[in-house]
There are 2 protein chains.
Amino acid sequence: MAVAPPRPKDLPLSALRAFEAAARLESFAAAAVELGVTPGAVTAQVKGLEAALGAALFERTARGVRLTAVGARALPGFVAAFDAMAGAVQVLRAEAAPQTVHIATLPAIAQLWLSPRLPDLRAAAPEIVVSITAMEAAPNLKRAPYDLSLFPGASGMLLAPEVIFPVCSPGLAARLRGPEDLAAVACLQDATWAEDWAVWAAEAMPGQRFTPRGPVFSLYALAVEEAAGGAGVLMGHEALVAGHMARGALVAPFGTRVTLAQGLRLWSARPLRPGSAVQRVAAFLAGQGWPA
Amino acid sequence: MAVAPPRPKDLPLSALRAFEAAARLESFAAAAVELGVTPGAVTAQVKGLEAALGAALFERTARGVRLTAVGARALPGFVAAFDAMAGAVQVLRAEAAPQTVHIATLPAIAQLWLSPRLPDLRAAAPEIVVSITAMEAAPNLKRAPYDLSLFPGASGMLLAPEVIFPVCSPGLAARLRGPEDLAAVACLQDATWAEDWAVWAAEAMPGQRFTPRGPVFSLYALAVEEAAGGAGVLMGHEALVAGHMARGALVAPFGTRVTLAQGLRLWSARPLRPGSAVQRVAAFLAGQGWPA
DNA sequence: AAGCTAGGGTCAGAAAAAATGAGGCTGAAT
DNA sequence: ATTCAGCCTCATTTTTTCTGACCCTAGCTT
């Protein structure tokens, strides 16, 4: 005979997630990217939340959004809550699929560094399933569903230093006497490492202005193939062109090598449990010495 | 020119919420009640989550569900995460509507204890909006969106002891010589406090079996009105019938009063910030002495 | 043994929520 | 003045979620 409980419904979780992302990133557009939706969806979610609360959370300007005092005071709790949620999801995933390891990395690293090492890894630990996701920028490991990330950076476990120097096919190399000959050939560039040529030139040709001319690639692995095919000179990252150099497809025509401050580094989302699949994969990757 | 990121989509939050509730309560049916949906909806959510994970989270039996080892290891993280989320929502609500206080209580307490005191509260703090939600059982304050809860219980701040004794209209009282006369009149009962008569009878008529006969109400306030109208004898809760007794509508025909172990108590969801609307309302309620 | 009950499962259809896509507005930077 | 990045709106579409009705099983009751 008890009456139906007309309870005040709670706030929708998805709207809270949109608020948290938008507030943390201080941008609806950035939040939309993070959440994988369109900006309009974020607008709608936040608007719905504000309507439910009866208070504004953002101040909108033509240049973007800024948190109101109310929103700013509420934000830290949500950041913590969603961090905790993501952590719980990681634990759940690990429990559900204890032999699967998810790795996030740059496309170039995935193809040129990680991929050649996978056969050995499979041989060493055939029961581990390695899942690799390529992306342009390192994910927020507190949130994204990856166990390991492999990116150039300044902190984390160093897997290989970043040493760069021009590489090209042996045939093309025969026609290059010195760095000044670069002006006469195509200099392949990669969009991800747009600064490479300038950095190297500053070392190899001090005082001279050098503007590389040649095709720009968005996939470094493709640029490597093109260079091996004789299309031009590419700024090689040692860790990524080592395979091609070892089999003679690429050679270094000049002696100048530049070591970048950041190297290829490994991060883990959470402390590695000894014996876990993640820990074993990390140990394998860390143990990959660099073939001289 | 960057390729569209085909990212692995995260687990749906609503499914995680269903899992958390079902796992914590160890019952899909109970989770459905807590979430305000039908059991079928919970089934579907959990099933979807299990499918996404590729692992079973519950063992189903005809008598209910039990967590699997995987589910059990994942649960604590989700409980913590949803607690944090609810806390963040509370903060957000408080920031958005700092002058609103949400109180959860029994219907009977709402009508017979709280309601008569609201005019004084409004007079003392007219800027505070008090929202009262009646429910059958005390909510989980860590989760439910209430600032204060007012229920019979053993812990929390005592607002009034629970003293019970029979009450009836003055006219009916004149025909009652002693407790044994109760067998000849209607004994009104309330579903929420089904044990009241037995408890009181054990004290007032030791050794005798006493089974109250009379209508059963699911709304105590209605039973009080009926009793005042002469419909029978009701087991009165002092804090709730005081108003009617003060104006003579109800009288206590017998001298035996029984004090229950638990009293009317006030809980708050989180520490009271001095000067906050919640703190002021709590102080007002706590300061309500009991008219002798 | 038959009936009852509590707790889950399933399914089709309905309802609600969320997302899209196209167009518009604003103000800072060029 | 023009461009451009960001946000807003709105109608429409897509996806998710929920319901409602019914079935199934195991433990109790009668």
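Axes here are lines fitted to C-alpha atoms, for helices over the stretch in contact, and angles run from 0 to 180 degrees between N-to-C directions. The model is predicted, so local features need pLDDT of at least 70 and side-chain atom pairs count only at pLDDT 80 or more, while totals for chains, interfaces and linings use all residues. Residues are numbered from 1 along each chain as its sequence is written, chains are lettered from A and ligands numbered from 1 in the order in which they are written, and side-chain values use heavy atoms, with hydrogens and water left out.

**View 1. H5(B) packs against helix H9 (residues 238–246) of chain B.** Helices (H or I, at least four residues) and strands (E, at least two) are DSSP runs, numbered from the N terminus. The angle between H5(B) and H9(B) is about 40 degrees, and their axes lie 8 Å apart. H5(B) is therefore oblique to H9(B); angles under 35 degrees count as roughly parallel, over 145 as roughly antiparallel, 65 to 115 as roughly perpendicular and the rest as oblique. The crossing is left-handed. That term applies if the near helix is turned anticlockwise from the far one by less than a right angle, and right-handed applies if clockwise. H5(B) makes the contact (heavy atoms within 4.5 Å) through B:Ala108, B:Ile109, B:Leu112 and B:Trp113. H9(B) supplies B:Ala239, B:Leu240 and B:His244. By class, the contact of H5(B) with H9(B) has six nonpolar, one polar and no charged residues. Ala, Val, Leu, Ile, Met, Phe, Trp, Tyr, Cys and Pro count as nonpolar, Asp, Glu, Lys and Arg as charged, and the others, Gly among them, as polar.

**View 2. Helix H5 (residues 107–124) of chain B packs with helix H10 (residues 277–286) of chain B.** Their axes are 11 Å apart, at an angle of about 115 degrees. H5(B) is therefore roughly perpendicular to H10(B). The crossing of H5(B) past H10(B) is right-handed. On H5(B), the contact residues are B:Trp113, B:Leu114, B:Arg117, B:Asp120 and B:Leu121. On H10(B), they are B:Val281, B:Phe284 and B:Leu285. Six residues of the contact of H5(B) with H10(B) are nonpolar, none polar and two charged.

**View 3. Helix H1 (residues 13–25) of chain B crosses helix H2 (residues 28–35) of chain B.** The two axes come within 8 Å and cross at roughly 125 degrees. H1(B) is therefore oblique to H2(B). Their crossing is right-handed. H1(B) contributes B:Arg17, B:Ala18, B:Ala21, B:Ala22, B:Arg24 and B:Leu25 to the contact. H2(B) contributes B:Phe28, B:Ala30, B:Ala31, B:Glu34 and B:Leu35. The contact of H1(B) with H2(B) has eight nonpolar, no polar and three charged residues.

**View 4. Residues of both chains surround DNA strand D.** A residue is near a molecule or strand if one of its heavy atoms lies within 4 Å of it. Of the 18 residues around strand D, A:Ala29, A:Thr43, A:Arg60, B:Ser14 and B:Thr38 come nearest. Sugar or phosphate accounts for 88% of the atoms of DNA strand D within 4 Å of the protein, and bases for the rest. Three polar contacts are picked out here; the term means a pair of N or O atoms within 3.5 Å, and within protein one must be able to donate a hydrogen and the other to accept it, while residues adjacent in sequence count only if both atoms are side-chain atoms. An N or O atom in the side chain of A:Arg60 is 2.3 Å from a phosphate oxygen of DNA strand D. A backbone N or O atom of A:Phe28 lies 3.1 Å from a phosphate oxygen of this strand D. For a polar side-chain atom of A:Lys47 the distance to a phosphate oxygen of DNA strand D is 3.4 Å. Elements giving two or more residues to this surface are helix H2 (28–35), helix H3 (39–53) and strand E2 (64–67) of chain A, with helix H3 (39–53) of chain B. H3(B) gives the largest share, three residues. The surface near DNA strand D divides into seven nonpolar, seven polar and four charged residues.

**View 5. Residues of both chains also surround DNA strand C.** Of 18 residues around strand C, A:Ser14, A:Thr38, B:Ala29, B:Thr43 and B:Arg60 come nearest. Sugar and phosphate make up 88% of the atoms of DNA strand C that come within 4 Å of the protein. A side-chain N or O atom of A:Ser14 is 2.5 Å from a phosphate oxygen of DNA strand C. A polar backbone atom of A:Thr38 is 2.5 Å from a phosphate oxygen of DNA strand C. H3(A) gives the largest share of the surface near DNA strand C, three residues.
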